[in-house]
Amino acid sequence: MKTEHTITIKTNPKFRPWRMIATIIAQIGVIGVGVLLGSAAMQWAGFVVLGLMLIGLAVGANPRGLSIEGARREIDRIEGEDIAAPRIMASAPKSPPPPKPRR
C-alpha cells in the first residue's frame, strides 16, 4: 500500500512584526471600544481573543521546518520506502481462496 506524502517548500519565511503589531492594536481597539461603551462583555471578548492570539504566537514561534540537508534525507527515506514496498508486497504469501458455499 502506497502512502501519500505532501511536501511543502517555504522559501525565505520571515517573522512579520508589523502584522503582529497591527493585530494586537486591533484587539486592544476592541477592548477600548468596550471600555468607551461600558460593555464588560466586549472587554472580556477582546481580552480572551488577545490572550488566545498571544498563546498562538508563542506556540507558532518555534521553527518546525527542516534544513535543506534534513529535507533531502527525509525525501530519500520516503523514496526508499516507495522502492522497497513492491518487493515486500510481491514476496508476501498469497491468502487461500474463500471457501465455496454449501448447498
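This passage walks through a predicted model of one protein chain, from its overall make-up to a few of its residues.

The overall picture is a good place to start. The secondary structure of the chain consists of three helices and zero strands, and the order of elements from the N terminus is α-α-α. The chain has 103 residues, and buried ones account for 7% of them. About 9600 Å² of the chain is exposed, with 66% of this area supplied by carbon and sulfur atoms.

Helix α1 spans residues 17-37, and Gln27 has its place there. With a relative accessible area of 16%, Gln27 is classed as buried, because the cut-off for that class is under 20%. Leaving aside residues up to four places away in sequence, Gln27 touches Gly46, Val49 and Leu50.

Attention now turns to helix α2, which covers residues 40-60. A search for paired aromatic rings in the model gives a count of one. This pair is formed by Trp44 and Phe47, whose rings are arranged edge-to-face, with 5.8 Å from centre to centre and 85 degrees between the planes. The angle qualifies as edge-to-face because planes over 60 degrees apart are given that name. Phe47 lies in helix α2, and so does its partner: Trp44 and Phe47 are three residues apart in this helix, so about one helical turn separates them.

The two aromatic residues also belong to a wider surface feature. Together with Val48, Leu52, Ile55 and Val59, Trp44 and Phe47 form a nonpolar patch on the surface, and the accessible area of the six residues together is about 660 Å². Within this patch, Trp44 has a relative accessibility of 57% and therefore counts as exposed, since the cut-off for exposed is over 50%.

Helix α3 completes the tour. This helix runs over residues 68-91 and includes Arg72. How far is Arg72 open to its surroundings: is it buried, partly exposed or exposed? Its relative accessible area is 41%, so Arg72 is partly exposed, a class that lies between the limits of 20% and 50%. The side chain of Arg72 makes a polar contact with another side chain, that of Asp76, at 2.8 Å.

Taken one by one, the residues described here show three levels of accessibility: Gln27 is buried, Arg72 is partly exposed and Trp44 is exposed.

How values were computed
Residues are numbered from 1 along each chain as its sequence is written. This is a predicted model: local features need pLDDT of at least 70, side-chain atom pairs count only at pLDDT 80 or more; totals for chains, interfaces and linings use all residues. Side-chain values use heavy atoms; hydrogens and water are left out. Helices (H or I, at least four residues) and strands (E, at least two) are DSSP runs, numbered from the N terminus. Buried means under 20% relative accessible area, exposed over 50%, partly exposed in between (1.4 Å probe, protein chains only). A polar contact is a pair of N or O atoms within 3.5 Å; within protein, one must be able to donate a hydrogen and the other to accept it, and residues adjacent in sequence count only if both atoms are side-chain atoms. Contact means heavy atoms within 4.5 Å. Accessible areas come from the Shrake-Rupley method with a 1.4 Å probe; for residues, only the protein chains shown count as cover. Rings of Phe, Tyr and Trp (its six-membered ring) pair if their centres lie within 6.5 Å; planes under 30 degrees apart count as stacked, over 60 as edge-to-face and the rest as tilted. Patches are made of residues with over 30% relative accessible area and no salt bridge: like charges are joined within 9 Å, nonpolar side chains (Val, Leu, Ile, Met, Phe, Trp, Tyr) within 5 Å. A salt bridge is a side-chain nitrogen of Lys or Arg within 4 Å of a carboxyl oxygen of Asp or Glu.
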